[in-house]
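This report describes how one protein chain is put together. Please look at the sequence and the structure before reading on.

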Amino acid sequence: MADTPLDSVIATLRRRLPVRADVVRPQAAVALILVRNPDRLLLIRRADRAGDPWSGHLALPGGRRAVGDATLLDTAIRESHEEVGITLTTSECMAELDDLVPMTAVLPPIVVRPFLFLVGDVPSVGVSDEVASVAWLPLATLAASGAYRTTTVMIRGERRDVAAYPLEAGVLWGMTERIVTPLVDLWRAATAGGDRPA
């Protein structure tokens, strides 16, 4: 039996084989960086940059695989250090999540692999040219009733309704929402003490 809801989430993720994308595309990796007491996730707000399809969005630290990255785990670790100054280790990587690809043709053709990291203490976090701000968001905030709902966002000048978490820092939606929601669902189930999703 897991000691805490976060332990339960990690145990569940470790028991399953992550789904791998069956497409050949450039690769990227993101880091879900978590701390305990209370259980919190690091979110970033991307800097506003011309030509960046994720400009200004709430996101997770990460980016494209570089030539020198031996693995996508190396990519997640490198990008986290470059973007927010956190030095992650392979031993802090608790699980790999399912690969994701963009759901719209206007985004770059890419495969994103998320990695879940659990760090012992709240690390010092900074910003970079790519990151405008950072925040530690309690998982309880994301799991709260009504936190996840249909929200209107502007996409290339058009208003669209999307599944999202409207937060004080902005709207968490798109690929980041698709990565975070399964984690939040597992955490909610663990805190409720009910059946845990497989």
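The text below moves from the chain as a whole to its cores, a hairpin, one helix and one buried residue.

**The chain as a whole**

The model is predicted. Its chain contains four helices and ten strands. Read from the N terminus, these elements follow the order α-β-β-β-β-α-β-β-β-α-β-β-β-α. The chain has 198 residues, and 44% of them are buried. When contacts between residues at least 6 apart in sequence are considered, 63% join residues at least 24 apart. The accessible surface of the chain comes to about 10100 Å², and carbon and sulfur atoms account for 53% of that area.

**The nonpolar cores**

The largest nonpolar core holds 35 residues, and L116 and L142 are the members that touch the most others. Two or more residues of this core come from each of the elements α1 (5-15), β1 (27-35), β2 (40-46), β5 (93-96), β6 (111-118), α3 (139-143), β9 (158-167) and α4 (174-192). The greatest contribution is that of α4, which gives seven residues.

Which residues does L142 contact, leaving aside its neighbours within four places in sequence? They are L137, A147, Y165, L167, L172, V180, V184 and R188. Apart from the largest core lies another one of 20 residues, and L42, I86, L88 and F115 are among them.

Helix α1 has L6, S8, V9, I10, T12 and L13 as buried residues. The elements that cover the buried residues of α1 include β1, β5, β6, α3 and α4.

**A hairpin**

Strand β9 is joined by three bridges to strand β10 (residues 170-172), and the two run antiparallel. Together, β9 and β10 form a hairpin that has two residues between them. Within this arrangement, V171 in β10 has P166 opposite to it.

**Helix α2 and its ends**

Helix α2 consists of 13 residues; from its first C-alpha to its last it reaches 18 Å, close to the 18 Å expected at 1.5 Å a residue. Its buried residues are L72, L73, T75, A76, I77, E79, S80, E83 and V84. Cover for the buried residues of α2 comes from elements including β1, β2, β4, β5, β6 and β7 (131-138).

At the N-terminal end, T71 caps α2 through a side-chain oxygen that lies 3.3 Å from the backbone nitrogen of L73. After α2 comes G85, which has a positive phi, near 75 degrees.

**The buried residue D69**

Where in the chain does D69 lie? It is found in the loop between β4 (62-64) and α2 (72-84). Is D69 buried or exposed? Its relative accessibility is 9%, and a residue under 20% is classed as buried, so D69 counts as buried. Not counting residues up to four places away in sequence, D69 touches R64, D74, T75 and R78.

The side chain of D69 also takes part in polar contacts, which are set out here.

| Side chain | Partner | Distance |
|---|---|---|
| D69 | backbone nitrogen of A66 | 2.8 Å |
| D69 | side chain of R78 | 2.8 Å |

R78 therefore appears both among the residues that D69 touches and as a side-chain partner in a polar contact, with D69 itself buried at 9% relative accessibility.

Methods. Residues numbered from 1 in each chain as written. Predicted model: local features only at pLDDT ≥ 70, side-chain atom pairs only at ≥ 80, totals over all residues. Heavy atoms only, no water. Core = buried A, V, L, I, M, F, W, Y, C linked by side-chain atoms within 4.5 Å. Buried < 20%, exposed > 50% of the residue type's maximum accessible area, 1.4 Å probe, protein only. Contact = heavy atoms within 4.5 Å. Pairing = 2+ DSSP bridges. Areas by Shrake-Rupley, 256 points an atom, 1.4 Å probe, with all protein chains shown as cover. Polar contact = N/O pair within 3.5 Å; in protein donor to acceptor, adjacent residues only side chain to side chain. Expected span 1.5 Å × (residues − 1).
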